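Visitor: I have a structure open and would like to learn how to read it. Where do we start?

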Amino acid sequence: MKRHIALIPAAGVGERFGAGKPKQYVEINDRTVLEHTVGIFTAHPGISLTAVVLAPNDTGFSETRFQTASEKVAVLHCGGGSRAETVRNGLNALLERGLAEAGDNILVHDAARCCLPAEALSRLIDEAGDAEEGGILAVPVADTLKQADEHRRIAATVPRNGLWQAQTPQLFRAGLLQRALETCDLNRITDEASAVEMLGIRPRLVQGDSRNLKLTLPHDEFIVRLLLK
């Protein structure tokens, strides 16, 4: 029986956030960002397992934080030097350890997206869970886009018709995602969908949610705190 397994790459250092520590360990409302994120998946009835992929030398994570849901959480200390490497290493570890099979769905989600609404997660599973090509959460681009020249002046206005802003989770069969990540140049991809696209496959776009924002810069924390109240 096909399962839905969340994979959360959490090996980054979050330099742009400027907190003096990885942003996944910033505390908001008495819980770390990573705790909030993991909790979204452990609380969802459609998720069988949540795998957190950490750097080998990670010292900020405490497995005791997740004791109440330990049977639904796997901690993998095999993160790489980039997000793409961390996802690839984590996926390979899941398959090698028998925690996932090729036909299972892997939902890769940013550790710093800790406000993912449960209904958006359910929508992704419902609309892409049985799709061979997989799918991602995304939202249509609403703002006017400007292309800049080398002097940061407007070079062109980019039509936004048909443009979507990618979010996570991004859902793909484990076997397909492994093949994509093993065959593509990891330096050329920005998300899992782009790796799958290089195989000539066109993943589905599933309506995301504006609340599913990514904690990237210091001012994002204010909005995240409001959303998590």
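Guide: Start with a strand pair. This is a predicted model. In strand β6, asparagine 105 is the bridge partner of histidine 4.

Visitor: In which sense do β1 and β6 pair, parallel or antiparallel?

Guide: Parallel. Four bridges link β1 with β6, which covers residues 105-108.

Visitor: How many bridges join β1 to β4?

Guide: Five, and these strands also run parallel. Strand β4 is residues 49-53. Look for alanine 51 there: it is the bridge partner of leucine 7.

Visitor: Is β1 enclosed or open to the outside?

Guide: Count its buried residues. A residue is buried under 20% relative accessible area. In β1, residues 4-9, six of the six residues are buried, so the strand is largely enclosed by the rest of the structure. Then check each face. His4, Ala6 and Ile8 are buried on one side. Ile5, Leu7 and Pro9 are buried on the other.

Visitor: Let me try β7. How many of its residues are buried?

Guide: Five of the six, in residues 135-140. Strand β7 is therefore largely enclosed by the rest of the structure.

Visitor: Which strands pair with β7, and in which sense?

Guide: Take the partners in turn. With β10, residues 164-173, β7 forms five bridges in the antiparallel sense. With β11, residues 204-207, β7 runs parallel, joined by four bridges. Alanine 138 helps you find both. Opposite alanine 138 in β10 stands alanine 166. In β11, its bridge partner is glutamine 207.

Visitor: Now a loop. Where does aspartate 110 lie?

Guide: Between β6 and α3, the helix at 118-128.

Visitor: Is aspartate 110 buried or exposed?

Guide: Buried. Its relative accessible area is 7%, and the cut-off for buried is under 20%.

Visitor: Which side chain makes a polar contact with that of aspartate 110?

Guide: That of arginine 83, at 2.8 Å. Next, list what aspartate 110 touches, leaving out residues up to four places away in sequence. The list is Ile8, Thr37, Arg83, Thr168 and Lys214. You have met Ile8 already: it is one of the buried residues of β1.

Visitor: What about cysteines? What is a disulfide?

Guide: A disulfide is a covalent bond between the sulfur atoms of two cysteines. A search of this whole structure finds zero of them. Take cysteine 114. The nearest cysteine sulfur, in cysteine 115, is 4.2 Å away. The cut-off is within 2.5 Å. Cysteine 114 is also buried, at 3% relative accessible area.

Visitor: Why is cysteine 184 not bonded to cysteine 78?

Guide: Because the two sulfurs are 17 Å apart, too far for a bond. Cysteine 78 holds the closest cysteine sulfur to that of cysteine 184. Cysteine 184 is buried as well, with a relative accessible area of 13%.

Visitor: Let's step back. How many helices and strands does the protein have?

Guide: Six helices and 11 strands. To judge how compact the protein is, compare its radius of gyration with the globule rule. The radius is 17 Å, close to the 17 Å given for 229 residues, so the protein is as compact as a globular protein of that length. Along its principal axes, the C-alpha trace spans about 50 × 40 × 30 Å.

Visitor: What share of the residues is buried?

Guide: Of the 229 residues, 49%. Look at contacts too. Among those with a separation of 6 or more, 71% involve residues 24 or more positions apart. Finish with the surface. The accessible surface is about 11,700 Å², and 47% of that belongs to carbon and sulfur atoms.

Notes:
Residues numbered from 1 in each chain as written. Predicted model: local features only at pLDDT ≥ 70, side-chain atom pairs only at ≥ 80, totals over all residues. Heavy atoms only, no water. Buried < 20%, exposed > 50% of the residue type's maximum accessible area, 1.4 Å probe, protein only. Helix = DSSP H or I, 4+ residues; strand = E, 2+ residues; numbered from the N terminus. Pairing = 2+ DSSP bridges. Rg over C-alpha atoms; globule rule 2.2 N^0.38 Å. Contact = heavy atoms within 4.5 Å. Areas by Shrake-Rupley, 256 points an atom, 1.4 Å probe, with all protein chains shown as cover. Polar contact = N/O pair within 3.5 Å; in protein donor to acceptor, adjacent residues only side chain to side chain.
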